[in-house]
Amino acid sequence: MADAQHRSVLLEETLHWLDPERGGIFVDCTLGLGGHAHALLSRYPDARLVGIDRDPRALALARERLAEFGGRAQFVEGNFRDLEAIWAERRENAGELASPAGIYADLGMSSLQLDSAERGFSFQREGPLDMRMGTSGETAFDLVNFSTEENLEEIFREYGEEPESRRVARAVVEERQSTPIDTTVALANVVRRAKRRGRDGGERLDPATRVFQALRLAVNEELQAADELLDQAVRMLNPEGRLVIISFHSLEDRIVKNRFRNMARGEVDPTTGRTHSETRVLEVLTKRPVRPGEAEVQFNPRSRSARLRAARRI
């Protein structure tokens with residue numbers, strides 16, 4: 001745990017764009033092990049935090065780590081796609097609750113999830129085909145063993161951008177006819193055998209990488225959740241409130257980029273095609289995604305694909 005605690009991705013950049021010196025309530029939608037939250041609370045005494053995570057184990061560890069801040073930190077087990085409902089419940093239970101001064105989310109997996117073989121996220125360690133970030137809902141085992149070939153192909157193509165999605169889906173269906181595919185290693189081996197090349201077009205990717213990404217996104221409905229989070233967060237923020245999102249692959253980053261752009265542009269008149277400036281709700285603060293520096297990538301290779309985008313509520 002100690003190693004993971006010191007590997008919060010784009011930590012300084014996140015704090016910079018959140019601007020916690022203003023004080024107020026900040027919402028960490030993906031609390032994880034609490035790295036970003038700890039830095040925020042320890043450096044900015046006027047800041048308070050509501051931390052949300054769907055993983056009860058991560059939430060328990062974060063609660064322990066942030067105990068020193070007492071009532072300045074509150075914790076919620078939940079999915080950030082239910083952000084407004086979570087906030088409404090807390091408002092009802094705690095009485096008057098000011099609108100957030102900042103909301104941020106790290107859309108990647110935590111080190112706790114990646115490094116736990118029993119969670120089934122990594123094909124580098126043998127474990128059950130689970131891949132759920134929480135404890136309920138459909139698992140990767142369910143998708144792999146009971147989805148139609150057509151559905152698997154669509155998942156691999158749309159969520160994993162897998163160029164050989166049809167071949168891989170067919171191989172999975174053929175394999176499961178004789179025995180269920182029930183472990184990460186078993187699935188990875190099926191994918192590797194199905195691929196024409198040992199590596200994806202000469203890249204350093206293991207042939208199973210895209211398939212595992214696709215299943216994880218599908219199991220957790222991550223793209224849909226990210227889209228819903230952005231709409232809710234913007235509605236909740238107070239004027240001048242900051243929204244900071246870290247994503248780890250092009251599909252999520254594209255959603256963030258497009259939603260930020262549209263909300264910063266305003267509604268488009270269907271007749272004239274012109275935007276209504278009075279309907280703008282955001283100012284985009286990062287004209288291009290903020291990426292980790294060379295030193296951070298060397299220290300934490302998992303940060304290599306991280307992209308941060310920030311916006312201000314107007």
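**The sheet, its helices, and helix α9**

Let me begin with the sheet, in which seven strands are arranged in the open order β3-β2-β1-β4-β5-β7-β6, with pairing that is mixed. Because β3, residues 73-77, and β6, residues 282-284, each have a single partner strand, they stand at the edges, and one side of each is left without a neighbour in the sheet. Between neighbouring strands of this sheet the turn is 20 degrees on average, with direction ignored. I should say at once that this is a predicted model, and what follows should be heard in that light.

At the β3 edge, strand β2, residues 47-53, runs parallel to β3 and is joined to it by five bridges, and among the residues involved, L49 has A73 in β3 as its bridge partner.

Turning to the helices on the sheet, α2, residues 11-18, packs there and touches β1 (24-28), β4 (102-106), β5 (242-247) and β7 (307-313), while its direction makes about 155 degrees with that of β5. Helix α13, residues 250-265, also packs on the sheet, where it touches β5, β6 and β7, and its direction makes about 20 degrees with that of β7.

Finally, a word on helix α9, which covers residues 165-176, has 12 residues, and reaches 17 Å from its first C-alpha to its last, close to the 16 Å expected at 1.5 Å a residue. Which residues of α9 are buried? They are S165, V168, A169, A171, V172, V173 and R176, and these buried residues pack against α7 (140-146), α8 (149-160), α10 (184-194) and α11 (209-220).

Methods
Residues are numbered from 1 along each chain as its sequence is written. This is a predicted model: local features need pLDDT of at least 70, side-chain atom pairs count only at pLDDT 80 or more; totals for chains, interfaces and linings use all residues. Side-chain values use heavy atoms; hydrogens and water are left out. Helices (H or I, at least four residues) and strands (E, at least two) are DSSP runs, numbered from the N terminus. The expected span of a helix is 1.5 Å times one less than its number of residues. Buried means under 20% relative accessible area, exposed over 50%, partly exposed in between (1.4 Å probe, protein chains only). Contact means heavy atoms within 4.5 Å. Two strands pair if DSSP finds at least two bridges between them. Axes are lines fitted to C-alpha atoms, for helices over the stretch in contact, and angles run from 0 to 180 degrees between N-to-C directions.
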